[in-house]
Amino acid sequence: MTKGTTSFGRRHNKSHTACRRCGKVSYHIQKKTCSSCGYPSKKMRNYNWGQKAKGRRTVGTGRMKYMKTMTRRFKNGFREGTQAKKMIASD
């Protein structure tokens, strides 16, 4: 048996399938854990040696429905329900 083309033809068993949390094909069927996000663990899997991987799933990579307005609201002291005063034209 060679270690090249003929060996690759024998690969037909899947050890990993799609993860329901991260969507990657990293959920190990026998171990019942995801090698990418750590599912079913409550905490997401991340390591300091994987800076690039952290950046792919951190704040700012998604839609940010709530966070995108945060800087503007912070600048105004989180005031709500007030109307801006009209500017009086100086003659």
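## A tour that starts at S26

Select S26 to begin: S26 sits in the loop between β1 (16-17) and β2 (27-28). The names β1 and β2 come from DSSP runs, numbered from the N terminus, where a helice run (H or I) has at least four residues and a strand run (E) at least two. Before you go further, note that this is a predicted model, in which local features need pLDDT of at least 70 and side-chain atom pairs count only at pLDDT 80 or more, while totals for chains, interfaces and linings use all residues. Residues are numbered from 1 along each chain as its sequence is written, and side-chain values use heavy atoms, with hydrogens and water left out.

Is S26 buried or exposed? S26 counts as buried because its relative accessibility is 12%. Buried here means under 20% relative accessible area, exposed means over 50%, and partly exposed lies in between (1.4 Å probe, protein chains only). Now show what touches S26. Leaving aside neighbours within four places in sequence, S26 is in contact with H16, T17, T33, C34, S35 and S36. A contact means heavy atoms within 4.5 Å.

**Next stop: two cysteines**

Select C19 and C37 together. How far is the sulfur of C19 from the closest cysteine sulfur? That sulfur belongs to C37 and is 3.6 Å away, too far for a bond. From the other side, C37 is in no disulfide either, and the sulfur of C19 is its nearest cysteine sulfur. A disulfide is a pair of cysteine sulfur atoms within 2.5 Å, and by this rule the count comes to zero. Colour both residues by accessibility: C19 is buried, with a relative accessible area of 5%, and C37 is buried too, at 0% relative accessibility.

**Next stop: the loop between β2 and β3**

Move on to K31, which lies in the loop between β2 and β3. K31 is exposed, since its relative accessible area is 60%. Try drawing a C-alpha to C-alpha distance from K31 to S15: the two are 16 residues apart in sequence and 9.3 Å apart in space.

Then select K32, which is found in the loop between β2 and β3. K32 counts as partly exposed, with 48% relative accessibility. Look at its backbone as well: K32 has a positive phi of about 60°, although K32 is not a glycine.

**Next stop: from β3 to α2**

Go to P40, in the loop between β3 and α2. What kind of peptide bond joins Y39 and P40? The bond is cis, with omega about 15°.

N46 also lies in the loop between β3 (33-34) and α2. N46 is partly exposed, with a relative accessible area of 47%. Draw another C-alpha to C-alpha line, this time to T61: N46 and T61 are 15 residues apart in sequence and 16 Å apart in space.

**Next stop: a nonpolar patch**

Select V59, M64, Y66 and M67 and switch on the surface. These residues form a nonpolar patch with about 410 Å² of accessible area together. Patches are made of residues with over 30% relative accessible area and no salt bridge; like charges are joined within 9 Å, and nonpolar side chains (Val, Leu, Ile, Met, Phe, Trp, Tyr) within 5 Å. A salt bridge is a side-chain nitrogen of Lys or Arg within 4 Å of a carboxyl oxygen of Asp or Glu. Accessible areas come from the Shrake-Rupley method with a 1.4 Å probe, and for residues only the protein chains shown count as cover.

Zoom in on M64, one of the patch residues. M64 is found in the loop between α2 (51-56) and α3 (70-75), and M64 counts as partly exposed, at 32% relative accessibility.

**Next stop: after α3**

Select F78, in the segment after α3. Like a residue you met earlier, F78 has a positive phi without being a glycine; here the angle is about 55°. F78 is partly exposed, with a relative accessible area of 41%.

**Last stop: the whole chain**

Zoom out and show the cartoon. The protein chain has three helices and three strands, in the order α-β-β-β-α-α along the sequence. The chain is more spread out than a compact globule, because its radius of gyration is 25 Å, well over the 12 Å that the globule rule gives for 91 residues. That radius is taken over C-alpha atoms, and the globule rule is 2.2 Å times the number of residues to the power 0.38. Along its principal axes, the C-alpha trace spans about 95 × 30 × 25 Å.

How much of the chain is made up of buried residues? Buried residues are 10% of the 91 residues. Among contacts between residues at least 6 apart in sequence, 2% join residues at least 24 apart. Finally, the accessible surface of the chain comes to about 9,000 Å², and 54% of this belongs to carbon and sulfur atoms.
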